[in-house]
Structures are given as structure tokens and as C-alpha cells.
Amino acid sequence: MLRVGLTGGIGAGKSTVARRLVERGAVLVDSDVLAREVVAPGSPGLAEVVAAFGEGVLDASGALDRPALAAVVFGDPAARERLNAIVHPRVRERSDALIAAAPEDAVVVQDIPLLVENGMAPRFPLVVVVHADAEERVRRLVRRGLREEDARARIAAQATDEERRAAADVWLDNSGDERDLHAAVDELWERRLVPFEANLRQRRIAPAGPPRLVDPDPTWPETAARLRARVAAAAGERGRGVAHIGSTSVPGLPAKDVIDLQLGVDSLADADAVEDALAEAGFPRHPRIDHDNPKPAGAAPWPKRFHGSADPLRPVNLHVREVGSPGWRYALLFRDWLRADPAARAEYLEVKRAAAARYAGDPDADRYVEVKEPWFDAAHERAEGWAATSTWVPSLD
């Protein structure tokens, strides 16, 4: 099963995307629908809302008068918190029941309008954000009968485009024709969601393909930040911090489009304890890799646990190491040395280019790594020398 968080600002077209995903076979869990269900006439939820806000939030039939309730809570943060405390736990309970009843191979789409605002993005293996320009959203809301000033106020009260983009694994632009949006959703379903679900269910790492260097991508740090939050949420209290490491963490350095992350734990027993949670978050464990080739060469292996990404369109290497171990320390040292030393960075780039050229078209990434090992062995002493003459200390950032 793959759980997808779907969100977007009011008027962006999130419901259109949800309907198309259902047409393709997704199981939809709509938070707005559930929020109405848990305060339906005669429900305990409605009784608690009335107890908190008075009979004035009911209409003549005894149902919830949503405009009246909105007038009470919209400009009052404390009142909104009271309402959320009543509704949200009930919605979560109902959502959990629907997800538990879904087929084992389902793509479950959870439509959550305030997913970003409530900090829920790290709980999902994939987050899809539907976007439309603010002015277009205002026009749509006015056509639905909302006053323009109310439409603008509601948009302003929600997350910004920048905040949503930071949370988005997939950004669907719905500023144009609905047919274009449907085509984008269909492509998302076929190329990403279906294979992602299969990989998750089978605890399988998606193949990254042959090693190919690309120009530095300015979105790598933002992507890494999103993935770090997801890993940290999955690891929970056993995690001791997640760092962005490897070539994509070094500004200006061409690299394979693979995000390397390092999760720190107190012991490998903790690493094993979070294995299932990491797999459910989209990062299955590799069945064979359980140590690093140490630096310097000839030393005893550096134990770790290695996970990869089940997402076919976002390769990730996740290294789980004990905090303070040689492998944990070296991953951070090597990253920071390359950031600080332009000559070392240029030298390493030439090594990477030679390795990529030698194994262009070869899907076995291990060979690409092996070609670089002699340079790593020699570079270890230089990196340690830099650390000894600087103020370097291990840092996650």
C-alpha cells in the first residue's frame, strides 16, 4: 500500500485531481467529507461543537450551520483551536479505519486541505500539491458565490506557495486546461504511483539506473530537507538526526541525481528497530549492504544499515550509522572538506567523471563506486589534516 498526501490551496483544483485519481483506481480518503461526517446531526461530534460554541451554530433543522460556525472561529485562533480539538481526532480515527479497510495493493490518496499548515507532510511517502495562481483561484471562488474579499482572506489565511512547494514531491499546475491536468495526473499514476506502490509492498528499492553526472541542481537542498524530515518522522525517538551528505550536498558540484542521507542512531539495534518504519515511509533496506569500505583501506569494516528509495523517480541512498562511529564521522567530514576546499572539489569531480565515463550504461552502481575507492583512500588523510587545522566539528548541516 502507498499512502499519498494530496493538498492545495482553496480553489486550486484539488478535488479535480482527487476525482481523476479515483478514476484511475485510487482509494480516496477525503478529510473534508470526513469532517462533515463526524459532526453530522445526532453525532457526538456535533453535540460537543454545540457545547463549545452554543446553539447559534445550528440551523433550523438542527444541523451544523457552517457559515455561522465560520463566523465564530475564522478570526479567533483560540476558538479555531477548540474546534480542531473536537473535529481532528475524530477525522483521524475515521481515516485510519478507511485506510485499514483498503486493499493491500491500494494507492490511498488522503485529501487534506491543511496538510502543510498542520505539518503533516513528513507522515506520507509522497506529497502531491495542486497549484493555481492566486488570481485564478480568486476568480474560481467568486464564480462559486464567494465574495472577492472573502476569497482573498481565505487564501491569505492558508499556507504560501513557497511553503507548499517545500512540502511537495509532486507539483501539479492547474492554471490551464482541465485536459492538461488530467494528462499530468495520468502520467503521475502510471510512471510513479503504481510502481512506487509495488516497490513498497515488496520492500524493493527502485533501480537508480546507470551512473550519469548532471549539473548541480538548485533544488537538491530543498529536496533533501523534505526527505530528511520524512526519515526523521519515521525513525521517531530512536533517531539522532538526519544529515544531507554526498555529492548533492556540496554546492556547485556536478553529481548523480541521487540524494544521500545519513540517519544517526545510538546503536545498530536501534537501526534494526526502525527498519520497518523506514520501509513504510518509502525507504526499504538493502538486503546485502551492511558495511562501508573503510578509510583508510585495510581497516575493519565500518558497520551500517543501508536503505534506498522505493520511489521510481527520486533515487535516495539512506545510510544508517551509529552516532560517533568512524563511518558516521567520515561522511560528515568528507562533505564539509569538499565544501571548504575548491581544489579538492575539482579533483574529486575529475575522479567522478572518469568513473562515470568508464561505466556509462552500466546499471551496476557498485562498479562506479569501486573506481573511486583509491582516491578516497588517499583523500582520507588530507581531509583529516584539514579537520585538524580548522575548527571543524561534526554537524548535520
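Mentor: Two strands pair if DSSP finds at least two bridges between them. Keep that in mind as we look at this predicted model.

Trainee: What makes E1 and E3 a pair?

Mentor: Five bridges join E1 to E3, and pairing asks for at least two, so the two strands count as paired. They run parallel. Within this pair, Leu 2 stands opposite Val 107 in E3.

Trainee: Which sheet do they belong to, and in what order do its strands come?

Mentor: An open sheet of five strands, ordered E2-E3-E1-E4-E5, with parallel pairing. From one strand to the next, the twist averages 25°.

Trainee: Why are E2 and E5 said to stand at the edges?

Mentor: E2 and strand E5 (170-173) each have a single partner strand, so one side of each has no neighbour in the sheet.

Trainee: Which helix lies across this sheet, with E1 among the strands it crosses?

Mentor: Helix H1 (residues 14-24) lies across E1, E2, E3, strand E4 (126-131) and E5. Its direction is at about 155° to E1. Angles are taken between N-to-C directions and run from 0 to 180 degrees, so a value of about 155° puts H1 closer to antiparallel than to parallel with E1.

Trainee: Which residues of H1 are buried, and what covers them?

Mentor: Lys 14, Thr 16, Val 17, Ala 18, Arg 20 and Leu 21 are buried. The cover includes E1, E2, E3, E4, E5 and helix H9 (178-201). Just after H1, Gly 25 has a positive phi of about 125°.

Trainee: Let's turn to H5. How do you know that its length fits a helix of 25 residues?

Mentor: Helix H5 (residues 77-101) reaches 35 Å from its first C-alpha to its last, and the expected span at 1.5 Å a residue is 36 Å, so the two values are close.

Trainee: Where does H5 bend, and by how much?

Mentor: At Asn 84, by about 30°.

Trainee: What makes Asp 76 a cap for the N-terminal end of H5?

Mentor: A side-chain oxygen of Asp 76 lies 3.1 Å from the backbone nitrogen of Ala 78. A polar contact needs the N or O atoms within 3.5 Å, so this pair passes on distance.

Trainee: Which residues of H5 are buried, and what lies over them?

Mentor: Ala 79, Leu 83, Ile 86, Val 87, Val 91, Ser 95 and Ile 99. Their cover includes strand E1 (2-8), strand E2 (27-30), helix H2 (31-37), helix H3 (44-53), helix H4 (66-73) and strand E3 (107-111). As background, an α-helix has 3.6 residues a turn, so residues three or four places apart point the same way.

Trainee: Why is Gln 158 called buried?

Mentor: Its relative accessibility is 18%, and buried means under 20%, so Gln 158 qualifies. Gln 158 sits in the loop between helix H7 (148-157) and helix H8 (161-167). Beyond four places in sequence, Gln 158 touches Gly 9, Ile 10, Leu 114, Glu 117, Arg 137 and Arg 164.

Trainee: And why is Arg 339 called partly exposed?

Mentor: At 33%, Arg 339 falls between the 20% and 50% cut-offs, so partly exposed is the right label. Arg 339 lies in helix H13. Setting aside residues up to four places away in sequence, its contacts are His 244, Ser 249, Val 250, Pro 251, Arg 345 and Asp 397. Its C-alpha is 9.1 Å from that of Gly 252, although the two residues are 87 apart along the chain.

Trainee: Which strands does H13 lie across?

Mentor: Helix H13 (residues 326-340) lies across E7, E9 and E13, at about 35° to E7. Those strands belong to an open sheet of four, ordered E7-E9-E13-E12, with mixed pairing. Strand E7 (239-245) and strand E12 (305-308) are at the edges, each with a single partner strand, so each has one side without a neighbour in the sheet.

Trainee: How do you know that E7 and E9 pair?

Mentor: Five bridges join them, and at least two are needed, so they pair. They run antiparallel. In E9, His 244 has Leu 261 as its bridge partner, and Ile 245 has Asp 260.

Trainee: What makes E7 mostly covered?

Mentor: Five of its seven residues are buried.

How values were computed
Residues numbered from 1 in each chain as written. Predicted model: local features only at pLDDT ≥ 70, side-chain atom pairs only at ≥ 80, totals over all residues. Heavy atoms only, no water. Bend = angle between axes of the 7 residues up to and from the residue. Buried < 20%, exposed > 50% of the residue type's maximum accessible area, 1.4 Å probe, protein only. Contact = heavy atoms within 4.5 Å. Polar contact = N/O pair within 3.5 Å; in protein donor to acceptor, adjacent residues only side chain to side chain.
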